[in-house]
Amino acid sequence: MTALRGGLRLVGIRKSYRIGPVTTEVLRGIDLEVAAGDMMSIMGPSGSGKTTLMNIIGLLDRPDSGNHVLEGRDVSGFDDDALSRLRNAHVGFVFQAFHLLSRLTAAENVCVPLVYRGTRRKEALRRARAMLEQVGMGDRLEHRPDQLSGGQKQRVAIARALVGEPALLLADEPTGALDADTAEETMRLLLELNTGQGVTVLIITHDPTVARRCARRMRIENGRLREQAAFGIARG
């Protein structure tokens with residue numbers, strides 16, 4: 001797999017939600033720059049806006065205002081179909097709950113993003129198998145999710161996220177459902193992909209031990225984002 005491309009820039013991102021007569025401002029002018037090859041964590045308490053921010057970064061939601069630049073293109077005004085195509089081609093997702101399809105084998109699960117692109121099944125399976133080999137799952141190609149451990153499921157999910165060579169890998173609490181040893185294996189894999197292959201990784205987490213493994217550490221509170229310098233001193 002070639003090193004991942006591009007970068008990400010958010011400028012003045014704001015997002016509010018209205019429930020009945022009450023409007024809650026979740027993101028209050030977020031500025032963020034992620035360079036190609038970054039390994040970054042975003043921490044924050046429950047309700048701080050980190051999930052909303054991830055959804056906007058990953059093109060799953062739209063901001064109320066501000067600019068979102070991905071791979072040098074301002075995508076703020078793109079329609080839903082264009083955002084869907086961009087998301088499939090440029091963003092990979094890894095979730096705490098894995099979200100693997102129970103009826104499909106590991107290789108077939110990894111194929112899914114390529115199938116949505118229109119890749120022929122034979123070629124999609126070839127690429128899926130190669131990616132599973134890369135994440136240490138080459139001996140589990142034909143296993144279904146119920147035949148895999150939690151760590152193995154997460155490796156399949158990481159392979160699925162990377163098979164289309166996206167510009168950015170977004171991991172939402174990737175170790176949250178794993179025991180300590182398996183969580184460590186998952187973090188080592190993400191770090192290896194970042195340092196060894198230039199994969200750009202952004203981890204949403206509540207775990208300070210996970211955050212400290214990342215070269216860049218951000219914290220979101222009350223809808224505002226700050227970068228954490230050495231020894232936890234905020235700047236910006």
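## A walk from strand 7 outwards

Start by selecting strand 7, residues 168-172: the strand is mostly covered, with 5 of its 5 residues buried. Keep in mind as you go that you are looking at a predicted model. Show the side chains and check the two faces of strand 7 in turn. Leu-168, Leu-170 and Asp-172 sit on one side, Leu-169 and Ala-171 on the other, and they are all buried. The pattern is what you would look for, since side chains in a regular strand alternate between the two faces of the sheet.

**Next door on one side: strand 6.** Add residues 91-95 to the selection. That is strand 6, which runs parallel to strand 7 and is joined to it by 5 bridges. For a landmark, pick Val-94, which stands opposite Ala-171 of strand 7.

**Now strand 8.** Select residues 201-205. Strand 8 also runs parallel to strand 7, and 4 bridges join the two. Two pairs are handy for lining up the view: Ala-171 is opposite Ile-203, and Leu-170 has Leu-202 as its bridge partner in strand 8. Is strand 8 enclosed or open to the outside? Largely enclosed by the rest of the structure, because 5 of its 5 residues are buried. Colour strand 8 by face and you get Val-201, Ile-203 and Thr-205 on one side, with Leu-202 and Ile-204 on the other; both faces are covered, and these residues are all buried.

**On to strand 3.** Select residues 39-43, which make up strand 3; this strand pairs with strand 8 in the parallel sense, over 5 bridges. Click on Met-39 and look across to strand 8, where its bridge partner is Val-201.

**A helix pair.** Hide the strands for a moment and bring up helix 5 (residues 150-162) together with helix 6 (residues 180-197). They pack at an angle of about 20°, and their axes are 9 Å apart. The two helices are therefore roughly parallel to each other, the cut-off for that label being an angle under 35 degrees. Turn the view to look through the pair, and you will find a right-handed crossing of helix 5 and helix 6. Which residues of helix 5 and helix 6 meet? On helix 5, select Gly-150, Gly-151, Gln-154, Arg-155, Ile-158 and Leu-162; these meet Thr-182, Glu-185, Thr-186, Leu-189, Leu-190 and Leu-193 on helix 6. Colour that contact by class and you get 5 nonpolar, 5 polar and 2 charged residues.

**The antiparallel sheet.** Switch the strands back on and look for an open sheet of 4 strands in the order 2-1-4-5, with antiparallel pairing. Its edges are strand 2 (22-34) and strand 5 (73-74), each of which pairs on one side only. Zoom in on strand 4, residues 65-70: 2 bridges connect it to strand 5, and the two run antiparallel. Val-69 is the residue to click, as it stands opposite Asp-74 of strand 5. Then add helix 1 (residues 50-57), which lies across strand 1 (8-19), strand 2 and strand 4 and runs at about 125° to strand 1.

**Last stop: Glu-71.** You will find Glu-71 in the loop between strand 4 and strand 5. Its relative accessibility is 21%, so Glu-71 counts as partly exposed; buried would need a value under 20%. Finish by drawing a distance from the C-alpha of Glu-71 to that of Leu-168: the two residues are 97 apart along the chain, and the C-alpha atoms are separated by 9.7 Å. Leu-168 brings you back to strand 7, where the tour began.

Technical notes
Residues numbered from 1 in each chain as written. Predicted model: local features only at pLDDT ≥ 70, side-chain atom pairs only at ≥ 80, totals over all residues. Heavy atoms only, no water. Pairing = 2+ DSSP bridges. Contact = heavy atoms within 4.5 Å. Axes fitted to C-alpha atoms, helices over the stretch in contact; angles between N-to-C directions. Parallel < 35°, antiparallel > 145°, perpendicular 65-115°, else oblique. Left-handed = near helix turned anticlockwise from the far one by under 90°. Nonpolar A, V, L, I, M, F, W, Y, C, P; charged D, E, K, R; others polar. Buried < 20%, exposed > 50% of the residue type's maximum accessible area, 1.4 Å probe, protein only.
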